[in-house]
Each structure stands twice: as structure tokens, then as C-alpha cells.
Amino acid sequence: AALDTAARSVTLASGERIAYSAVLLATGGHLRRLAIPGSELPGVLGLRTLDDAAALAPRLQPGAQLVVIGGGFIGLEVAASARARGCRVSVVEGAPRLLGRAVPASVGARVLALHRAHGVDVRVGIAPTAIVDAGSGRLGVQLADGSELVADTVLVGIGIEPAVELARTAGLSVGRGVRVNAELATSAPGVWAAGDVVEFPSRVSGAPIRQETWHNAETQARTAA
């Protein structure tokens, strides 16, 4: 519930206080919501937790139409899994290429070709503008080019918002994530942070970056430890 960096204590929701000599913030993130009309309609799902996966799985039936919004790791993994289950799949990515924040353009181009070869309708450089009720339990995803995709399920995979609330309330330096140095130390003595929640200096450019990948979280766990 609270982090007191001066007293070096953590307060739990129960009110219990735990003293620390060192503390690691690994609070991860929350799903980023799609800020367009209709994004809260039934059948518009995200994928972050086990409950999310349990809600999505029974919808991926042969012949079902899935529209994935977001061409990052989560969206593309679901697209591939859905195709393997016999779904008809469209991927909509507003950026000019897939995996723009994660891999070089040449790798993104190969991933694009691979998905299209497996029958995925991939549309890049086109943003969704609204999601509407298309009747009979179906959804219509309206795109900026004036076209519309009809879907039984819409999966939104547009990344996360880092869970910086605890850090911000504690007075830690926060930018696009909890700011840390190369050793993952925050602005408060004795407090480190790692994983999806942090903004850290790139080893290539030195500029502050964020990464939302399991590999980054695993590597940073070792560094922090």
C-alpha cells in the first residue's frame, strides 16, 4: 500500500509495516486500453493474466473471425495461435511496420511475410477509429481508411502502462517508468526496480528506454540481485 523510503519500511494493505534494508519494485504494468469508441463492448478482450487467457481460449474456434489490434509480441502470438486453431485472423497495426519497438525493420518485414504466408490478413499503417455492434453478437472494427472488419472477437494488444503508482507516491523519480541507472538503482537509496515498470539507460545509446519483454525482466532480475 505504501513505501516510506525515509523510514525504510513498506506498509501492507492490512496496515502491517515491514522494515527493509533493501527493496525491489517489480510491479509490472497494467494493460493499455484502446482509446476509441466501442473499446468496452463485450467481445473486446485484452491478454495479460491467466483469467484473460481463460476468457480468450474458448473463442478461438475453427471458422471464428478474430481481429487483433496491435502488431507487437502479444498480438502476433495470438494471431499465430488462432490461425493454428483454424480461425480467420486480421491484424491491424497503426504503425508503418510490425514489432516497431522490438526488432529491426528487416526482422519485422520477415515476420510480416511469415504471417501473411500463413493466411493472416495483416494491415499496417492503418489505425482503428471505432468498434461498433454489428449485430448477432458480432463486432465491426472501423479503420481510418474507411474500411471495416467484422469480428466475433477483438483482441487488443497495444502494450502496457507501467505500474508506477507506488513509486510515484513514495517520491521516486518517474518518467515513462520508474527511472533507474545501469545497476537498476532508483533515485532513493536502498530501492531498486526491474522489469516492465522501469525506464533504464540503453546500453547502445545511453538514452532512457522501456522494454516489455520476459527476456528483459529475467535479465534485469539477475542484475538487480
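**Entry 1: glutamate 165**

I began with glutamate 165 and asked whether this residue is buried, exposed or in between. I found a relative accessibility of 43%, and because the partly exposed class runs between 20% and 50%, glutamate 165 counts as partly exposed. I note here that the model I am reading is a predicted one, and I keep that in mind for each entry that follows.

I then looked up where glutamate 165 sits, and I placed it in helix 4, which covers residues 165-169. I checked its side chain next and found a polar contact of 3.1 Å with the side chain of histidine 30. I also took the C-alpha to C-alpha distance from glutamate 165 to serine 147, and I got 39 Å in space for two residues that are 18 apart in sequence.

**Entry 2: the sheet of strands 10, 11 and 12**

I turned to an open sheet of three strands, and I read their order as 10-11-12 with antiparallel pairing. Strand 10 (128-135) and strand 12 (148-151) each have a single partner strand, so I recorded both as edge strands, with one side of each left without a neighbour in the sheet. I noted an average twist of 25 degrees from one strand to the next.

How many bridges join strand 10 to strand 11? I counted six between strand 10 and strand 11, the latter being residues 138-143, and the two run antiparallel. To fix the register for myself I picked aspartate 133 and found that its bridge partner in strand 11 is leucine 139.

**Entry 3: strands 15, 17 and 18**

I went on to strand 17 (residues 198-201), which pairs with strand 15 (residues 178-179) in the parallel sense over two bridges. In this pairing valine 178 has valine 198 of strand 17 as its bridge partner.

Strand 17 is also joined to strand 18 (residues 208-209), by two bridges and in the antiparallel sense. Here I wrote down that proline 201 has proline 208 of strand 18 as its bridge partner. Strands 17 and 18 make a hairpin with six residues between the strands, and within this hairpin I found glycine 206 with a positive phi near 80 degrees.

**Entry 4: two leucines with positive phi**

I looked at backbone angles with one reminder, that most residues other than glycine have a negative phi. Leucine 99 has a positive phi of about 50 degrees although it is not a glycine. I located leucine 99 in the loop between strand 8 (88-93) and helix 3 (105-117), and at 8% relative accessibility I entered this leucine as buried.

Which loop holds leucine 184? I found leucine 184 in the loop between strand 15 and strand 16 (191-193), and its phi is near 70 degrees, again a positive value in a residue other than glycine. Leucine 184 has a relative accessibility of 3%, and because buried means under 20%, I entered it as buried.

**Entry 5: the whole protein**

I closed with the overall values, starting from five helices and 18 strands. Along the principal axes, the C-alpha atoms fill a box of roughly 60 × 40 × 30 Å. Of the 225 residues in the protein, 41% are buried. The accessible surface comes to about 11,800 Å², and 56% of it belongs to carbon and sulfur atoms. Among contacts with a separation of 6 or more, I noted that 51% are between residues 24 or more positions apart.

Definitions and conventions
Residues are numbered from 1 along each chain as its sequence is written. Side-chain values use heavy atoms; hydrogens and water are left out. Two strands pair if DSSP finds at least two bridges between them. Helices (H or I, at least four residues) and strands (E, at least two) are DSSP runs, numbered from the N terminus. Axes are lines fitted to C-alpha atoms, for helices over the stretch in contact, and angles run from 0 to 180 degrees between N-to-C directions. Buried means under 20% relative accessible area, exposed over 50%, partly exposed in between (1.4 Å probe, protein chains only). A polar contact is a pair of N or O atoms within 3.5 Å; within protein, one must be able to donate a hydrogen and the other to accept it, and residues adjacent in sequence count only if both atoms are side-chain atoms. Contact means heavy atoms within 4.5 Å. Accessible areas come from the Shrake-Rupley method with a 1.4 Å probe; for residues, only the protein chains shown count as cover.
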